[in-house]
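Student: I am new to this structure and would like to understand how its helices and pockets are described. Could we go through it together?

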Amino acid sequence: MLSTSVIFVKETELVVINQFGRPVRNISEAGLAFKLPDPIQTRISIDRRLNLLALAPSEFVTRDKRNLVLNAFMIWRISDPVKFLASVRNQTTAEQRLETLAYSQIGAGIGALPMGDIFTLEDDRSALAVLFEDIGVQTNDLTLSELGIEVKSIRPEKFGFPRQNLLAIYKRMESERNRIARQYQAEGNEEASKIRAETELEVRKLQAEAYRDGQMTVSTAEAEAAKIFAEAFETNEDFFQFTRSLDAYEKIFSEDSQLILSSDLPIFDQLLDPSASQ
Amino acid sequence: MTLSDDIKLIARRCVTPLKWLAFGLLPSIYLLSGFYSLEGEQAGVLKQFGRIVNNSVEPGMHYHLPWPIQSVDKLSVAEIRSMEMDFSEEVDRLLQPESTTGTGDLVDVALSVQYNISDAGRYLSQAQSAENMLRHIVASETLFYLGGNDIDQLLTTGRNRLQTAVRSSVQSRLAELELGVRVTSIQLQRLDPPPSIKRAFDAVDSARSERQKLIQDAEGERNAKLAQARGAARVVMAQAEAEASEYVQLALGDTSKLLASLEQFEKTPKLTRSAIYYETLERIFSKAKLQIVSPTEE
(Lines give C-alpha, C1' and ligand atoms only; values in the text may rest on other atoms or scores of the structure.)
Protein backbone atom coordinates (compact mmCIF):
# COMPACT_ATOMS: atom_id res chain seq x y z
CA MET A 1 0.00 0.00 0.00
CA LEU A 2 2.75 2.37 0.89
CA SER A 3 4.39 1.66 -2.43
CA THR A 4 1.54 3.60 -4.06
CA SER A 5 2.83 6.71 -2.30
CA VAL A 6 5.85 6.82 -4.51
CA ILE A 7 5.26 7.76 -8.10
CA PHE A 8 7.56 8.26 -11.03
CA VAL A 9 6.51 10.99 -13.41
CA LYS A 10 7.82 10.63 -16.96
CA GLU A 11 9.04 13.55 -19.03
CA THR A 12 6.20 12.99 -21.43
CA GLU A 13 3.39 13.21 -18.92
CA LEU A 14 1.51 15.43 -16.52
CA VAL A 15 0.06 13.81 -13.46
CA VAL A 16 -3.13 14.85 -11.78
CA ILE A 17 -3.55 13.79 -8.18
CA ASN A 18 -7.16 13.13 -7.29
CA GLN A 19 -8.23 13.02 -3.71
CA PHE A 20 -11.42 11.02 -3.32
CA GLY A 21 -12.21 11.72 -6.95
CA ARG A 22 -11.52 15.45 -6.84
CA PRO A 23 -8.39 16.94 -8.43
CA VAL A 24 -6.17 18.52 -5.81
CA ARG A 25 -2.70 18.79 -7.34
CA ASN A 26 -0.95 18.86 -10.71
CA ILE A 27 2.56 17.55 -11.06
CA SER A 28 4.37 18.92 -14.10
CA GLU A 29 7.95 18.17 -13.10
CA ALA A 30 9.24 14.76 -14.15
CA GLY A 31 10.96 12.47 -11.71
CA LEU A 32 10.19 11.28 -8.22
CA ALA A 33 7.05 12.47 -6.47
CA PHE A 34 5.04 11.54 -3.42
CA LYS A 35 1.37 11.34 -2.62
CA LEU A 36 -0.89 9.88 -0.09
CA PRO A 37 -1.40 6.20 -0.74
CA ASP A 38 -4.29 4.72 -2.69
CA PRO A 39 -7.23 5.02 -2.34
CA ILE A 40 -6.93 8.37 -0.53
CA GLN A 41 -5.11 9.90 -3.44
CA THR A 42 -5.00 8.43 -6.92
CA ARG A 43 -2.98 9.50 -9.94
CA ILE A 44 -4.09 10.10 -13.52
CA SER A 45 -1.46 10.46 -16.22
CA ILE A 46 -1.97 12.89 -19.05
CA ASP A 47 0.24 12.84 -22.14
CA ARG A 48 1.76 16.33 -22.34
CA ARG A 49 3.52 15.78 -25.65
CA LEU A 50 2.86 17.76 -28.76
CA ASN A 51 0.39 16.06 -31.03
CA LEU A 52 -0.17 16.36 -34.70
CA LEU A 53 -3.71 16.29 -36.02
CA ALA A 54 -3.90 16.08 -39.81
CA LEU A 55 -7.19 17.39 -41.17
CA ALA A 56 -8.74 15.92 -44.28
CA PRO A 57 -8.87 18.13 -47.37
CA SER A 58 -11.90 20.31 -47.66
CA GLU A 59 -13.33 22.99 -49.86
CA PHE A 60 -13.81 26.54 -48.58
CA VAL A 61 -15.43 29.60 -50.06
CA THR A 62 -13.92 33.09 -50.16
CA ARG A 63 -15.83 36.27 -49.62
CA ASP A 64 -16.26 36.76 -53.34
CA LYS A 65 -17.73 33.28 -53.74
CA ARG A 66 -14.61 31.62 -55.16
CA ASN A 67 -13.75 28.07 -54.16
CA LEU A 68 -10.50 27.00 -52.60
CA VAL A 69 -9.35 23.57 -51.53
CA LEU A 70 -6.88 22.99 -48.74
CA ASN A 71 -5.82 20.53 -46.13
CA ALA A 72 -4.40 21.69 -42.85
CA PHE A 73 -2.82 20.26 -39.74
CA MET A 74 -2.83 21.29 -36.11
CA ILE A 75 -0.10 21.02 -33.53
CA TRP A 76 -1.62 20.89 -30.07
CA ARG A 77 -1.02 19.71 -26.55
CA ILE A 78 -2.81 19.50 -23.27
CA SER A 79 -1.94 22.48 -21.12
CA ASP A 80 -4.55 22.35 -18.38
CA PRO A 81 -5.14 18.70 -17.45
CA VAL A 82 -7.99 19.40 -15.08
CA LYS A 83 -9.98 21.32 -17.66
CA PHE A 84 -9.08 18.72 -20.26
CA LEU A 85 -10.38 15.91 -18.16
CA ALA A 86 -13.50 17.85 -17.34
CA SER A 87 -14.27 18.65 -20.98
CA VAL A 88 -13.13 15.95 -23.37
CA ARG A 89 -11.30 13.47 -21.18
CA ASN A 90 -9.49 11.54 -23.91
CA GLN A 91 -7.51 12.09 -27.07
CA THR A 92 -10.09 10.77 -29.54
CA THR A 93 -12.84 13.08 -28.32
CA ALA A 94 -10.36 15.92 -28.14
CA GLU A 95 -9.41 15.40 -31.77
CA GLN A 96 -13.01 15.42 -32.88
CA ARG A 97 -13.66 18.68 -31.10
CA LEU A 98 -10.45 20.19 -32.45
CA GLU A 99 -11.28 19.17 -35.99
CA THR A 100 -14.72 20.72 -35.90
CA LEU A 101 -13.33 23.87 -34.39
CA ALA A 102 -10.53 24.07 -36.95
CA TYR A 103 -12.84 23.74 -39.93
CA SER A 104 -15.14 26.43 -38.68
CA GLN A 105 -12.28 28.81 -37.90
CA ILE A 106 -10.60 28.24 -41.26
CA GLY A 107 -13.92 28.64 -43.03
CA ALA A 108 -14.55 31.88 -41.23
CA GLY A 109 -11.06 33.16 -41.92
CA ILE A 110 -11.20 32.42 -45.63
CA GLY A 111 -14.79 33.56 -45.93
CA ALA A 112 -13.78 36.97 -44.66
CA LEU A 113 -11.32 37.62 -47.49
CA PRO A 114 -11.82 38.06 -51.20
CA MET A 115 -9.70 35.87 -53.45
CA GLY A 116 -7.60 38.85 -54.46
CA ASP A 117 -6.46 39.37 -50.89
CA ILE A 118 -5.21 35.83 -50.60
CA PHE A 119 -3.36 35.78 -53.92
CA THR A 120 -1.44 38.98 -53.55
CA LEU A 121 2.24 39.72 -53.46
CA GLU A 122 2.09 42.92 -51.53
CA ASP A 123 4.31 42.35 -48.56
CA ASP A 124 7.22 40.05 -48.03
CA ARG A 125 5.08 37.58 -46.12
CA SER A 126 2.46 35.67 -47.96
CA ALA A 127 -1.11 36.63 -47.17
CA LEU A 128 -1.77 33.00 -46.34
CA ALA A 129 0.79 32.99 -43.55
CA VAL A 130 -0.79 36.01 -41.93
CA LEU A 131 -4.28 34.55 -42.30
CA PHE A 132 -3.37 31.28 -40.64
CA GLU A 133 -1.52 32.97 -37.85
CA ASP A 134 -4.74 34.78 -36.98
CA ILE A 135 -6.72 31.59 -37.30
CA GLY A 136 -4.24 29.88 -34.99
CA VAL A 137 -4.45 32.59 -32.35
CA GLN A 138 -8.24 32.63 -32.35
CA THR A 139 -8.50 28.88 -32.22
CA ASN A 140 -6.01 28.76 -29.38
CA ASP A 141 -8.02 31.23 -27.34
CA LEU A 142 -11.08 29.05 -27.71
CA THR A 143 -9.36 25.77 -26.94
CA LEU A 144 -7.54 27.11 -23.92
CA SER A 145 -10.70 28.39 -22.34
CA GLU A 146 -12.96 25.51 -23.27
CA LEU A 147 -10.79 22.43 -23.45
CA GLY A 148 -7.59 23.12 -21.55
CA ILE A 149 -5.77 22.54 -24.85
CA GLU A 150 -3.05 24.73 -26.28
CA VAL A 151 -3.06 24.94 -30.06
CA LYS A 152 0.44 25.85 -31.12
CA SER A 153 -0.43 26.27 -34.76
CA ILE A 154 -2.86 25.56 -37.53
CA ARG A 155 -1.18 25.55 -40.90
CA PRO A 156 -2.14 24.55 -44.41
CA GLU A 157 -0.11 21.87 -46.13
CA LYS A 158 -1.67 22.04 -49.54
CA PHE A 159 -3.60 24.91 -50.89
CA GLY A 160 -5.17 25.41 -54.25
CA PHE A 161 -8.18 25.09 -56.45
CA PRO A 162 -10.94 22.55 -56.96
CA ARG A 163 -9.84 19.88 -59.38
CA GLN A 164 -12.47 20.79 -61.91
CA ASN A 165 -10.94 24.25 -62.25
CA LEU A 166 -7.50 22.93 -63.05
CA LEU A 167 -7.89 22.72 -66.81
CA ALA A 168 -8.98 26.31 -66.98
CA ILE A 169 -5.97 27.36 -64.91
CA TYR A 170 -3.57 25.43 -67.12
CA LYS A 171 -5.08 27.09 -70.17
CA ARG A 172 -4.72 30.50 -68.63
CA MET A 173 -1.09 29.87 -67.74
CA GLU A 174 -0.43 28.54 -71.21
CA SER A 175 -1.91 31.49 -73.03
CA GLU A 176 -0.02 33.85 -70.76
CA ARG A 177 3.22 32.12 -71.72
CA ASN A 178 2.29 32.32 -75.39
CA ARG A 179 1.66 36.01 -75.02
CA ILE A 180 5.06 36.51 -73.44
CA ALA A 181 6.75 34.48 -76.17
CA ARG A 182 5.04 36.54 -78.86
CA GLN A 183 6.12 39.70 -77.12
CA TYR A 184 9.74 38.60 -77.14
CA GLN A 185 9.45 37.86 -80.85
CA ALA A 186 7.94 41.26 -81.55
CA GLU A 187 10.61 43.03 -79.52
CA GLY A 188 13.30 41.17 -81.37
CA ASN A 189 11.90 42.09 -84.75
CA GLU A 190 11.35 45.69 -83.79
CA GLU A 191 14.84 46.14 -82.44
CA ALA A 192 16.35 44.39 -85.46
CA SER A 193 14.56 46.59 -87.98
CA LYS A 194 15.47 49.67 -85.97
CA ILE A 195 19.10 48.65 -86.20
CA ARG A 196 18.77 48.01 -89.91
CA ALA A 197 17.20 51.42 -90.55
CA GLU A 198 19.91 53.16 -88.59
CA THR A 199 22.55 51.27 -90.46
CA GLU A 200 21.03 52.30 -93.77
CA LEU A 201 21.10 55.95 -92.75
CA GLU A 202 24.68 55.76 -91.62
CA VAL A 203 25.78 54.05 -94.80
CA ARG A 204 24.13 56.71 -96.92
CA LYS A 205 25.71 59.39 -94.82
CA LEU A 206 29.13 57.85 -95.27
CA GLN A 207 28.62 57.62 -99.02
CA ALA A 208 27.42 61.23 -99.28
CA GLU A 209 30.28 62.54 -97.20
CA ALA A 210 32.80 60.61 -99.23
CA TYR A 211 31.34 61.98 -102.44
CA ARG A 212 31.31 65.53 -101.09
CA ASP A 213 34.83 65.33 -99.75
CA GLY A 214 35.99 63.83 -102.99
CA GLN A 215 34.40 66.57 -105.04
CA MET A 216 35.92 69.19 -102.83
CA THR A 217 39.34 67.68 -103.19
CA VAL A 218 39.02 67.61 -106.97
CA SER A 219 37.70 71.13 -107.25
CA THR A 220 40.39 72.42 -104.94
CA ALA A 221 42.89 70.78 -107.20
CA GLU A 222 41.26 72.24 -110.28
CA ALA A 223 41.50 75.69 -108.71
CA GLU A 224 45.12 75.03 -107.87
CA ALA A 225 45.81 73.97 -111.42
CA ALA A 226 44.14 77.09 -112.76
CA LYS A 227 46.20 79.19 -110.38
CA ILE A 228 49.39 77.55 -111.61
CA PHE A 229 48.41 78.35 -115.16
CA ALA A 230 47.42 81.89 -114.28
CA GLU A 231 50.69 82.56 -112.51
CA ALA A 232 52.60 81.26 -115.44
CA PHE A 233 50.36 83.24 -117.74
CA GLU A 234 51.15 86.47 -115.97
CA THR A 235 54.83 86.21 -116.72
CA ASN A 236 54.20 86.71 -120.42
CA GLU A 237 50.57 87.08 -121.27
CA ASP A 238 51.13 87.65 -124.90
CA PHE A 239 53.12 84.46 -125.42
CA PHE A 240 50.73 82.30 -123.45
CA GLN A 241 47.68 83.68 -125.28
CA PHE A 242 49.45 82.76 -128.49
CA THR A 243 50.31 79.20 -127.48
CA ARG A 244 46.94 78.66 -125.84
CA SER A 245 45.13 79.71 -129.03
CA LEU A 246 47.28 77.37 -131.08
CA ASP A 247 46.46 74.54 -128.66
CA ALA A 248 42.79 75.33 -129.07
CA TYR A 249 43.01 75.24 -132.88
CA GLU A 250 44.74 71.88 -132.69
CA LYS A 251 42.01 70.47 -130.56
CA ILE A 252 39.15 72.02 -132.49
CA PHE A 253 40.14 70.80 -135.95
CA SER A 254 40.06 67.10 -136.69
CA GLU A 255 39.82 64.76 -139.68
CA ASP A 256 36.24 65.70 -140.16
CA SER A 257 36.83 69.44 -140.27
CA GLN A 258 36.73 71.25 -143.51
CA LEU A 259 38.77 74.43 -143.76
CA ILE A 260 38.26 76.97 -146.46
CA LEU A 261 41.37 79.10 -146.44
CA SER A 262 42.35 82.20 -148.31
CA SER A 263 45.42 81.94 -150.50
CA ASP A 264 46.52 85.20 -148.99
CA LEU A 265 47.63 83.43 -145.87
CA PRO A 266 51.32 83.81 -145.25
CA ILE A 267 51.80 80.04 -144.95
CA PHE A 268 50.81 79.71 -148.56
CA ASP A 269 53.27 82.39 -149.76
CA GLN A 270 55.90 79.93 -150.74
CA LEU A 271 53.28 77.61 -152.19
CA LEU A 272 51.81 80.10 -154.67
CA ASP A 273 54.67 82.45 -155.21
CA PRO A 274 58.00 80.99 -154.21
CA SER A 275 59.92 84.00 -155.25
CA ALA A 276 58.11 86.38 -152.92
CA SER A 277 59.99 86.84 -149.78
CA GLN A 278 58.59 87.74 -146.44
CA MET B 1 21.37 -43.82 4.68
CA THR B 2 18.04 -43.31 3.13
CA LEU B 3 17.36 -41.25 0.06
CA SER B 4 15.71 -38.54 2.06
CA ASP B 5 18.79 -38.41 4.31
CA ASP B 6 21.01 -38.03 1.23
CA ILE B 7 18.85 -35.29 -0.14
CA LYS B 8 18.88 -33.46 3.21
CA LEU B 9 22.67 -33.76 3.29
CA ILE B 10 23.04 -32.34 -0.27
CA ALA B 11 20.52 -29.62 0.42
CA ARG B 12 22.44 -28.55 3.56
CA ARG B 13 25.66 -28.52 1.55
CA CYS B 14 24.02 -26.47 -1.23
CA VAL B 15 22.68 -23.84 1.07
CA THR B 16 25.98 -22.00 1.53
CA PRO B 17 26.80 -21.74 -2.16
CA LEU B 18 23.24 -20.75 -2.86
CA LYS B 19 23.48 -18.10 -0.14
CA TRP B 20 26.61 -16.75 -1.82
CA LEU B 21 24.70 -16.71 -5.11
CA ALA B 22 21.70 -14.96 -3.70
CA PHE B 23 23.47 -12.41 -1.55
CA GLY B 24 26.67 -12.00 -3.56
CA LEU B 25 26.23 -12.70 -7.27
CA LEU B 26 22.75 -11.45 -8.02
CA PRO B 27 23.23 -8.03 -6.43
CA SER B 28 26.53 -7.78 -8.31
CA ILE B 29 24.85 -8.53 -11.59
CA TYR B 30 22.22 -6.01 -10.69
CA LEU B 31 24.79 -3.36 -9.91
CA LEU B 32 26.81 -4.18 -13.01
CA SER B 33 23.75 -3.60 -15.18
CA GLY B 34 24.48 0.07 -14.78
CA PHE B 35 27.41 0.00 -17.19
CA TYR B 36 26.78 1.28 -20.70
CA SER B 37 28.74 2.67 -23.61
CA LEU B 38 28.00 5.14 -26.34
CA GLU B 39 29.43 5.07 -29.87
CA GLY B 40 30.96 8.13 -31.50
CA GLU B 41 27.79 9.32 -33.20
CA GLN B 42 25.49 8.58 -30.31
CA ALA B 43 24.33 10.66 -27.40
CA GLY B 44 22.69 9.39 -24.28
CA VAL B 45 19.73 10.68 -22.35
CA LEU B 46 20.14 9.92 -18.67
CA LYS B 47 16.92 9.78 -16.67
CA GLN B 48 16.51 9.56 -12.94
CA PHE B 49 13.13 8.29 -11.81
CA GLY B 50 11.91 9.31 -15.23
CA ARG B 51 13.30 12.85 -15.12
CA ILE B 52 15.96 13.84 -17.58
CA VAL B 53 19.11 14.79 -15.72
CA ASN B 54 21.54 14.78 -18.62
CA ASN B 55 20.32 15.09 -22.20
CA SER B 56 23.68 14.81 -23.92
CA VAL B 57 25.90 12.15 -22.43
CA GLU B 58 29.16 12.02 -24.36
CA PRO B 59 30.35 8.96 -26.22
CA GLY B 60 32.36 6.49 -24.21
CA MET B 61 31.96 4.18 -21.28
CA HIS B 62 29.68 5.28 -18.45
CA TYR B 63 27.92 4.03 -15.35
CA HIS B 64 24.43 4.79 -14.14
CA LEU B 65 22.56 3.62 -11.11
CA PRO B 66 20.52 0.60 -12.06
CA TRP B 67 16.85 0.72 -12.91
CA PRO B 68 14.49 1.94 -11.56
CA ILE B 69 16.69 4.69 -10.19
CA GLN B 70 18.35 5.67 -13.43
CA SER B 71 18.07 4.64 -17.08
CA VAL B 72 19.68 5.63 -20.35
CA ASP B 73 18.22 6.03 -23.82
CA LYS B 74 20.71 5.97 -26.69
CA LEU B 75 20.21 7.96 -29.85
CA SER B 76 22.15 8.43 -33.01
CA VAL B 77 22.53 12.21 -33.13
CA ALA B 78 25.46 13.03 -35.38
CA GLU B 79 24.01 11.13 -38.28
CA ILE B 80 22.33 13.38 -40.81
CA ARG B 81 19.04 11.92 -41.88
CA SER B 82 17.21 12.62 -45.08
CA MET B 83 13.54 12.89 -45.90
CA GLU B 84 12.11 13.03 -49.42
CA MET B 85 8.99 15.03 -50.10
CA ASP B 86 7.25 15.09 -53.45
CA PHE B 87 4.33 17.44 -53.17
CA SER B 88 2.85 16.35 -56.46
CA GLU B 89 2.41 12.80 -55.33
CA GLU B 90 -0.82 13.63 -53.56
CA VAL B 91 -3.63 11.61 -54.93
CA ASP B 92 -6.87 12.98 -53.65
CA ARG B 93 -10.34 13.54 -54.91
CA LEU B 94 -10.24 17.18 -53.97
CA LEU B 95 -6.64 18.30 -53.96
CA GLN B 96 -4.66 19.39 -56.99
CA PRO B 97 -1.25 17.78 -57.41
CA GLU B 98 0.64 21.03 -57.90
CA SER B 99 1.50 23.78 -55.45
CA THR B 100 0.08 27.25 -55.80
CA THR B 101 2.14 30.40 -56.17
CA GLY B 102 1.39 33.87 -54.97
CA THR B 103 -0.44 34.84 -58.15
CA GLY B 104 -2.54 31.73 -58.52
CA ASP B 105 -0.22 29.84 -60.87
CA LEU B 106 0.67 26.20 -60.36
CA VAL B 107 4.08 24.64 -59.96
CA ASP B 108 5.35 21.10 -59.55
CA VAL B 109 7.60 20.82 -56.49
CA ALA B 110 9.68 18.09 -54.86
CA LEU B 111 12.40 18.52 -52.29
CA SER B 112 14.49 16.66 -49.76
CA VAL B 113 15.17 17.64 -46.17
CA GLN B 114 18.39 16.93 -44.30
CA TYR B 115 18.14 17.04 -40.54
CA ASN B 116 19.63 15.67 -37.35
CA ILE B 117 18.82 15.48 -33.70
CA SER B 118 20.01 18.56 -31.85
CA ASP B 119 18.61 17.82 -28.39
CA ALA B 120 18.22 14.14 -27.68
CA GLY B 121 16.15 14.64 -24.56
CA ARG B 122 13.65 16.91 -26.25
CA TYR B 123 13.51 14.72 -29.32
CA LEU B 124 12.38 11.82 -27.20
CA SER B 125 9.97 13.60 -24.95
CA GLN B 126 8.61 16.65 -26.71
CA ALA B 127 6.44 15.13 -29.39
CA GLN B 128 4.95 11.79 -30.23
CA SER B 129 6.62 11.78 -33.62
CA ALA B 130 9.05 14.56 -34.24
CA GLU B 131 9.82 13.42 -37.79
CA ASN B 132 6.18 13.41 -38.79
CA MET B 133 5.78 16.88 -37.39
CA LEU B 134 8.86 18.01 -39.27
CA ARG B 135 7.39 16.73 -42.51
CA HIS B 136 4.18 18.69 -42.08
CA ILE B 137 6.03 21.83 -41.03
CA VAL B 138 8.27 21.70 -44.11
CA ALA B 139 5.22 21.29 -46.33
CA SER B 140 3.54 24.29 -44.80
CA GLU B 141 6.57 26.60 -44.84
CA THR B 142 7.24 25.68 -48.48
CA LEU B 143 3.64 26.47 -49.28
CA PHE B 144 3.95 29.86 -47.59
CA TYR B 145 7.14 30.68 -49.48
CA LEU B 146 5.60 29.75 -52.82
CA GLY B 147 2.54 31.78 -51.90
CA GLY B 148 4.71 34.84 -51.43
CA ASN B 149 6.35 34.79 -54.86
CA ASP B 150 5.25 34.77 -58.47
CA ILE B 151 6.01 32.02 -60.89
CA ASP B 152 8.57 33.88 -62.95
CA GLN B 153 10.69 34.72 -59.91
CA LEU B 154 10.44 31.15 -58.69
CA LEU B 155 11.45 29.52 -61.95
CA THR B 156 14.42 31.81 -62.49
CA THR B 157 16.13 33.14 -59.37
CA GLY B 158 13.84 31.51 -56.83
CA ARG B 159 15.44 28.10 -56.49
CA ASN B 160 18.32 28.92 -54.17
CA ARG B 161 16.33 31.47 -52.28
CA LEU B 162 13.58 28.96 -51.65
CA GLN B 163 16.06 26.52 -50.20
CA THR B 164 17.56 28.99 -47.76
CA ALA B 165 14.31 30.74 -46.87
CA VAL B 166 12.37 27.54 -46.20
CA ARG B 167 15.24 26.08 -44.21
CA SER B 168 15.39 29.17 -42.06
CA SER B 169 11.65 29.43 -41.45
CA VAL B 170 11.33 25.71 -40.71
CA GLN B 171 14.19 26.05 -38.27
CA SER B 172 12.39 28.91 -36.49
CA ARG B 173 9.22 26.82 -36.17
CA LEU B 174 11.25 23.90 -34.83
CA ALA B 175 12.93 26.14 -32.30
CA GLU B 176 9.57 27.55 -31.18
CA LEU B 177 8.21 24.06 -30.67
CA GLU B 178 11.44 22.84 -29.06
CA LEU B 179 11.33 19.59 -31.00
CA GLY B 180 15.02 18.89 -30.54
CA VAL B 181 15.48 18.54 -34.30
CA ARG B 182 17.65 20.72 -36.50
CA VAL B 183 17.27 21.05 -40.25
CA THR B 184 20.70 21.25 -41.84
CA SER B 185 19.57 21.84 -45.39
CA ILE B 186 16.70 21.75 -47.82
CA GLN B 187 17.34 20.73 -51.40
CA LEU B 188 14.99 21.33 -54.27
CA GLN B 189 14.71 18.26 -56.43
CA ARG B 190 12.15 19.76 -58.73
CA LEU B 191 10.55 23.16 -59.29
CA ASP B 192 8.86 23.08 -62.66
CA PRO B 193 5.70 24.27 -64.34
CA PRO B 194 2.95 21.64 -64.57
CA PRO B 195 4.05 18.92 -67.03
CA SER B 196 1.08 19.41 -69.32
CA ILE B 197 2.06 23.01 -70.13
CA LYS B 198 5.82 22.74 -69.83
CA ARG B 199 6.12 23.16 -73.57
CA ALA B 200 4.64 26.65 -73.42
CA PHE B 201 7.25 27.59 -70.81
CA ASP B 202 10.08 26.19 -72.93
CA ALA B 203 8.70 28.16 -75.87
CA VAL B 204 9.15 31.35 -73.85
CA ASP B 205 12.79 30.50 -73.24
CA SER B 206 13.40 29.86 -76.92
CA ALA B 207 11.54 33.04 -77.83
CA ARG B 208 13.81 34.96 -75.51
CA SER B 209 16.94 33.53 -77.09
CA GLU B 210 15.51 34.09 -80.52
CA ARG B 211 15.01 37.74 -79.70
CA GLN B 212 18.66 37.95 -78.75
CA LYS B 213 19.62 36.23 -81.96
CA LEU B 214 17.54 38.59 -84.11
CA ILE B 215 19.21 41.56 -82.50
CA GLN B 216 22.66 40.09 -82.76
CA ASP B 217 22.17 39.21 -86.41
CA ALA B 218 21.06 42.76 -87.16
CA GLU B 219 24.10 44.09 -85.31
CA GLY B 220 26.36 41.76 -87.22
CA GLU B 221 24.86 42.90 -90.49
CA ARG B 222 25.31 46.48 -89.40
CA ASN B 223 28.97 46.03 -88.67
CA ALA B 224 29.56 44.38 -92.00
CA LYS B 225 27.69 47.04 -93.93
CA LEU B 226 29.42 49.89 -92.15
CA ALA B 227 32.80 48.33 -92.74
CA GLN B 228 31.93 47.94 -96.39
CA ALA B 229 30.68 51.51 -96.65
CA ARG B 230 33.80 52.86 -95.01
CA GLY B 231 35.88 50.85 -97.42
CA ALA B 232 33.96 52.21 -100.38
CA ALA B 233 34.30 55.72 -99.01
CA ARG B 234 38.05 55.31 -98.81
CA VAL B 235 38.10 54.19 -102.43
CA VAL B 236 36.12 57.25 -103.49
CA MET B 237 38.49 59.52 -101.57
CA ALA B 238 41.52 57.78 -102.99
CA GLN B 239 40.18 58.17 -106.51
CA ALA B 240 39.40 61.83 -105.93
CA GLU B 241 42.83 62.41 -104.53
CA ALA B 242 44.36 60.69 -107.51
CA GLU B 243 42.32 62.80 -109.88
CA ALA B 244 43.17 65.94 -107.95
CA SER B 245 46.82 65.17 -107.95
CA GLU B 246 46.63 64.44 -111.67
CA TYR B 247 45.14 67.85 -112.31
CA VAL B 248 47.88 69.57 -110.40
CA GLN B 249 50.63 67.44 -111.88
CA LEU B 250 49.36 68.06 -115.39
CA ALA B 251 49.17 71.75 -114.71
CA LEU B 252 52.68 71.75 -113.33
CA GLY B 253 53.90 69.69 -116.24
CA ASP B 254 52.23 71.80 -118.87
CA THR B 255 53.35 75.09 -117.34
CA SER B 256 56.91 73.96 -116.95
CA LYS B 257 56.91 72.91 -120.58
CA LEU B 258 55.53 76.28 -121.56
CA LEU B 259 57.95 78.13 -119.29
CA ALA B 260 60.72 76.33 -121.02
CA SER B 261 59.33 77.44 -124.38
CA LEU B 262 58.93 80.93 -122.98
CA GLU B 263 62.57 81.03 -122.17
CA GLN B 264 63.29 80.04 -125.70
CA PHE B 265 60.81 82.59 -126.98
CA GLU B 266 62.34 85.41 -125.02
CA LYS B 267 65.69 84.72 -126.56
CA THR B 268 64.46 84.67 -130.17
CA PRO B 269 60.85 85.84 -130.16
CA LYS B 270 60.10 86.05 -133.85
CA LEU B 271 61.78 82.82 -134.71
CA THR B 272 60.17 80.84 -131.97
CA ARG B 273 56.76 82.26 -132.70
CA SER B 274 56.97 81.23 -136.36
CA ALA B 275 58.31 77.83 -135.47
CA ILE B 276 55.48 77.06 -133.11
CA TYR B 277 52.93 78.52 -135.51
CA TYR B 278 54.06 76.42 -138.44
CA GLU B 279 54.35 73.25 -136.39
CA THR B 280 50.79 73.63 -135.24
CA LEU B 281 49.49 74.31 -138.74
CA GLU B 282 51.33 71.22 -139.92
CA ARG B 283 49.46 69.11 -137.56
CA ILE B 284 46.10 70.70 -138.25
CA PHE B 285 46.33 70.83 -142.03
CA SER B 286 47.56 67.30 -142.37
CA LYS B 287 44.48 66.05 -140.61
CA ALA B 288 41.73 68.40 -141.80
CA LYS B 289 40.36 68.74 -145.32
CA LEU B 290 41.57 71.91 -147.00
CA GLN B 291 40.20 74.13 -149.66
CA ILE B 292 42.27 77.02 -150.73
CA VAL B 293 40.55 79.79 -152.59
CA SER B 294 41.60 83.10 -153.89
CA PRO B 295 39.85 86.00 -152.33
CA THR B 296 37.99 88.10 -154.88
CA GLU B 297 38.42 91.83 -154.78
CA GLU B 298 35.03 93.14 -154.17
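Student: Is the crossing in which α6(A) passes α6(B) left-handed or right-handed?

Tutor: In this predicted model, α6(A) passes α6(B) in a right-handed crossing.

Student: Why are α6(A) and α6(B) called oblique to each other?

Tutor: The axes of helix α6 of chain A, residues 237–252, and helix α6 of chain B, residues 198–267, cross at roughly 120 degrees and come within 11 Å. Angles of 65 to 115 degrees count as roughly perpendicular and those over 145 as roughly antiparallel, so the two helices, fitting neither range, are oblique to each other.

Student: Which residues make the contact, and how many of them are nonpolar, polar or charged?

Tutor: On the side of α6(A), the contact is made by A:Phe239, A:Phe240 and A:Thr243, while α6(B) brings B:Leu258, B:Leu259, B:Ser261, B:Leu262 and B:Phe265. By class, the contact has 6 nonpolar and 2 polar residues, with no charged ones.

Student: What is the volume of the largest pocket, and which residues are closest to its centre?

Tutor: The largest pocket has a volume of about 510 Å³, and of the 18 residues that line it, the closest to the centre are A:Thr243, A:Arg244, A:Asp247, B:Lys257 and B:Leu258.

Student: Which helices supply the lining of the largest pocket, and how do its residues divide by class?

Tutor: At least two residues each come from α5 (166–235) and α6 of chain A and from α6 and α7 (269–287) of chain B, and the largest share, 8 residues, comes from α6(A). The lining divides into 7 nonpolar, 3 polar and 8 charged residues.

Key:
Residues numbered from 1 in each chain as written. Chains lettered and ligands numbered in written order. Predicted model: local features only at pLDDT ≥ 70, side-chain atom pairs only at ≥ 80, totals over all residues. Heavy atoms only, no water. Axes fitted to C-alpha atoms, helices over the stretch in contact; angles between N-to-C directions. Helix = DSSP H or I, 4+ residues; strand = E, 2+ residues; numbered from the N terminus. Parallel < 35°, antiparallel > 145°, perpendicular 65-115°, else oblique. Left-handed = near helix turned anticlockwise from the far one by under 90°. Contact = heavy atoms within 4.5 Å. Nonpolar A, V, L, I, M, F, W, Y, C, P; charged D, E, K, R; others polar. 1 Å grid on protein atoms, 1.4 Å probe; cavity = no way out; pocket = protein on both sides within 12 Å on 5 of 7 lines; lining within 4 Å. Points joined across faces, edges and corners; volume = space filled by probe spheres on them.
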